[in-house]
Amino acid sequence: MVYEARLRGSEERVALKKISKKHVGQEDFAREMTTLRAIHDAGGHCNIAGVQEIFEDSQNFFVVMELVSGGEMFEHLCRNGPYSEAKASAFMQELAHALAFLHAHRIVHADLKPENLMLSSWDPDASRLKVVDFGCSLPCGRDVDLRSSPLGTWAYLPPEALGRGLHLRVEPSLDMWSAGLILYIMLSGRHPFDPAGTATDQEVVERIRTMDVPLDGLGDDVSDSAKDLIGRLMAKDPADRLTAQQMLEHPWVQGRTALEVPLEGSDTRLAQFQEVLRQKLEDGFLSVMVARSMSESPTCTGFAGGYTVGGGLDKPDVGEAVDAMRRAYEAFDKGGKGKVSVKDIVRVMAEQGSTLSAEEGVALQAAVSARNSNKHPPAAAAAAAAAAAAGEGGASSGGDSEERDGGLDLEEFERLLSNLTPLSFPAGAYVFREGDPADAMYFITSGKVEVLVEGHASPGQEKALTRVDVMGAGDFFGEGGLVLNAPRSASIRAVTPIKLIRVEKDSCQRMLKTTGAASSNLREVAFSRQMVRTKALLRALNTVRRLKVRGGEVVVRQGEVGKSMYTIVDGNLDVIKESPPLAPRTVAVLKPGSYFGEMAVLLKQPRNATVACSRGCEWCVIDEVSGAEFLKLLMSRPSSFRRDVQQLMRARQFRHGVYKLLAAQEVAVPSLDSRTTFSTEELRAVFDAVDVDDSGEIELSELTEALFRVDSGLTEEGVREIIAILDLDASNTISFEEFVKIISFDP
């Protein structure tokens with residue numbers, strides 16, 4: 001993991017690289033540090049990222065390095081539209097200078113690949129190429145055992161490193177082959193020995209070992225001079241390859257023969273090589289973090305989770321900081337292998353209910369293969385190569401390529417998720433305010449925030465802010481406006497210094513368009529939060545009359561005119577329906593924090609249920625709000641609040657509709673005690689009765705017809721709003737699980 005940091009006592013910005021001892025051995029770390037110290041002692045080079053300090057504790061190594069803030073070289077090329085050979089030539093000239101310096105000091109990088117070529121800044125006129133990651137570097141002339149080689153990414157290694165024997169003498173020619181392969185990808189957007197991204201590991205190894213580089217695959221748009229350079233860098237015989245100094249003298253690298261005309265589609269080809277991978281990792285990250293937050297945080301549970309507002313109000317601590325990237329990485333890296341393979345990505349997507357098209361699968365495999373950051377050749381590839389060299393055959397069976405690409409380590413995983421922006425706010429700062437456009441959601445990695453809404457105020461008075469919730473590390477917020485496509489319905493303010501990860505609107509909406517568990521979870525949290533926070537705001541009204549009623553005493557009676565609404569301060573209240581031929585029965589139990597009675601006020605209809613203090617309570621304490629004050633609050637609040645109240649009302653209308661289906665004897669159900677709420681058997685019976693075509697899913701037309709039969713007061717718009725709440729996975733149908741969730745939630 002790499003952090004941007006500032007040296008104490010100065011304004012100099014540096015990169016602080018944190019390396020877990022769990023995933024890297026002392027020998028590997030010592031090898032990289034030896035190389036970096038040698039570079040430093042030799043005076044350093046402007047095209048090589050330098051090291052300043054090295055520290056360690058019991059769990060990690062820490063390396064203070066030059067800050068390289070401009071992203072990858074490939075990313076620069078993609079960002080600025082189609083690029084020319086001349087632009088690519090300038091980058092390759094800088095790479096050649098870096099290699100000439102390393103080789104002059106008898107250092108072989110041994111892991112050159114696109115993601116190890118960074119730019120110093122995003123300014124295209126001021127940026128400079130920087131070679132990074134010397135974890136595989138070796139001194140020239142070192143003999144290595146290929147069976148346990150520290151050599152780098154196998155897809156970028158030359159033929160002699162892939163099975164023509166068990167030992168290899170490391171020479172600068174190894175880096176020169178990799179440089180030629182990188183240039184090939186820059187000009188074509190494809191790996192020369194796996195252009196379609198569908199070959200097995202042994203097929204790629206065999207092609208590298210036996211085939212000449214397919215220069216015709218570069219097409220007619222690439223100059224003969226560029227093809228000549230690539231061919232001479234990727235010569236089969238290491239002795240025939242150009243040296244770094246000879247590369248600097250090549251006319252194409254000097255810019256004399258590199259074409260100035262932009263290569264048509266060059267940026268698109270290079271970008272698509274990575275975009276599928278980036279998007280799928282991002283989708284997986286969001287899915288994992290939302291699921292974990294819902295399972296671990298009391299403020300992120302949904303309808304069935306007993307959502308509790310303000311659970312952190314009285315806690316003095318700010319919660320343990322959450323390493324979101326490591327959490328997500330560990331969810332992908334099942335078994336702690338230290339890498340994330342294509343199969344891992346596919347598995348996480350499947351667990352969250354998402355699938356890949358055949359085209360996406362091919363692109364994903366090609367991208368991971370190209371960006372592989374594994375530090376050793378895959379065991380399967382090495383074994384296959386050794387068997388082939390010994391004449392033992394052993395062709396690959398085809399599709400199983402989990403080990404082929406080696407996978408992504410944590411640093412590479414983080415780099416691909418660089419679109420997820422880390423942010424910091426001091427205590428008292430606002431992340432956003434009520435009414436702002438919803439343009440992102442946020443995960444809290446440390447600290448605590450409060451959720452504030454504007455309260456009711458008399459004319460001429462400033463609106464007071466009411467705290468309706470507090471959230472800490474592991475929680476997320478900001479999803480509501482994205483799910484509902486509406487402005488922010490609350491303000492978020494830092495209680496303590498906080499650190500966040502910002503996820504842009506486009507990424508969230510891409511996930512919400514799926515029908516998997518991730519989008520369902522996000523919708524569930526958004527709807528449950530808006531309902532409960534609406535209750536919290538109503539409880540904060542000052543114009544209330546407090547009432548105390550005994551157990552069994554009725555507060556409102558079914559059929560009477562509704563002139564007030566109520567919030568519960570203490571005790572439980574039963575919602576009792578009377579609808580012959582069914583005996584009166586409890587259909588819901590309202591707990592402290594709930595409110596009731598708003599439907600009769602808003603719809604100007606008689607009460608559709610009786611509410612009484614539960615007989616198990618000695619006393620119930622409730623606050624009465626007059627209908628006039630309630631309507632005044634609605635009109636003084638932003639439209640989002642009126643929407644939230646209406647959606648809560650729709651959830652209750654649905655519950656009443658389910659009861660009326662039972663009361664109308666539309667379904668046969670077991671006899672139950674009058675004090676019980678809906679049973680699973682009853683809900684299943686109602687669901688099956690509404691599901692006329694027995695598809696296992698309720699469609700819009702089926703629910704509309706059923707509710708209209710039992711509730712003449714409902715409108716088509718009302719039914720659509722009910723379905724919007726029920727349809728958590730946005731599939732346009734309602735599953736039994738979704739049906740039960742909304743009924744089980746205490747509205």
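**Exercise 1. Find the partners of strand S26, and decide how enclosed that strand is.**

Begin with strand S21 (residues 564-570), which pairs with S26 in the antiparallel sense over 6 bridges, where strands are DSSP runs of E with at least two residues, helices are runs of H or I with at least four residues, and both are numbered from the N terminus. Two strands pair if DSSP finds at least two bridges between them. Within this pairing, Ser564 has Ser626 in S26 as its bridge partner.

Next, turn to strand S19 (residues 545-550), which also pairs with S26 in the antiparallel sense over 6 bridges, and here Arg550 stands opposite Trp619 in S26.

Before going on, note that this is a predicted model, in which local features need pLDDT of at least 70 and side-chain atom pairs count only at pLDDT 80 or more, while totals for chains, interfaces and linings use all residues. Residues are numbered from 1 along each chain as its sequence is written, and side-chain values use heavy atoms, with hydrogens and water left out.

Last, consider burial, where buried means under 20% relative accessible area, exposed means over 50%, and partly exposed lies in between (1.4 Å probe, protein chains only). Strand S26 (residues 619-626) is largely enclosed by the rest of the structure, because 6 of its 8 residues are buried.

**Exercise 2. Locate the disulfide and describe the surroundings of its two cysteines.**

A disulfide is a pair of cysteine sulfur atoms within 2.5 Å, and by this rule the count comes to 1 disulfide. The bond joins Cys613 to Cys620, with a distance of 2.1 Å from S to S.

For the handedness, look at the angle about the S-S bond, which is 75° and makes the link of Cys613 and Cys620 right-handed.

For the surroundings, Cys613 counts as buried at 2% relative accessibility, and Cys620 counts as buried at 0%. Two further cysteines can be checked in the same step: Cys140 is buried with a relative accessible area of 11%, and Cys508 counts as buried at 0% relative accessibility.

**Exercise 3. Work out the strand order of two open sheets, and name their edge strands.**

One sheet has 4 strands in the order S11-S18-S13-S16, with antiparallel pairing. Its edge strands are strand S11 (421-425) and strand S16 (476-477), each of which pairs on one side only. S11 and strand S18 (residues 498-504) pair over 5 bridges in the antiparallel sense, and Phe425 stands opposite Ile498 in S18. Helix H15 (residues 505-512) packs on this sheet, touching strand S13 (440-446) and S18 (contact means heavy atoms within 4.5 Å), and the direction of H15 makes about 65° with that of S18. Such angles run from 0 to 180 degrees between N-to-C directions, with axes as lines fitted to C-alpha atoms, for helices over the stretch in contact.

Another open sheet of 4 strands has the order S12-S17-S14-S15, again with antiparallel pairing. Strand S12 (430-432) and strand S15 (465-472) each have a single partner strand, so one side of each is left without a neighbour in the sheet. Neighbouring strands of this sheet are turned by 30° against each other on average, direction ignored. Strand S14 (residues 448-454) pairs with S15 in the antiparallel sense over 7 bridges, and Glu450 stands opposite Val470 in S15.

**Exercise 4. Classify two aromatic pairs, and state which parts of the chain each of them ties together.**

Rings of Phe, Tyr and Trp (its six-membered ring) pair if their centres lie within 6.5 Å, and planes under 30 degrees apart count as stacked, over 60 as edge-to-face and the rest as tilted. The structure holds 7 aromatic pairs.

Among them, Tyr566 and Phe596 form a stacked pair, with 5.1 Å from centre to centre and 20° between the planes. Tyr566 lies in strand S21 and Phe596 in strand S24 (residues 595-596), so the pair ties together parts that are 30 residues apart in sequence. Tyr566 counts as buried at 7% relative accessibility, and Phe596 counts as buried at 4%.

Phe687 and Phe736 form an edge-to-face pair, with 5.4 Å from centre to centre and 80° between the planes. Because Phe687 lies in helix H20 (residues 680-690) and Phe736 in helix H23 (residues 736-744), this pair ties together parts that are 49 residues apart in sequence.
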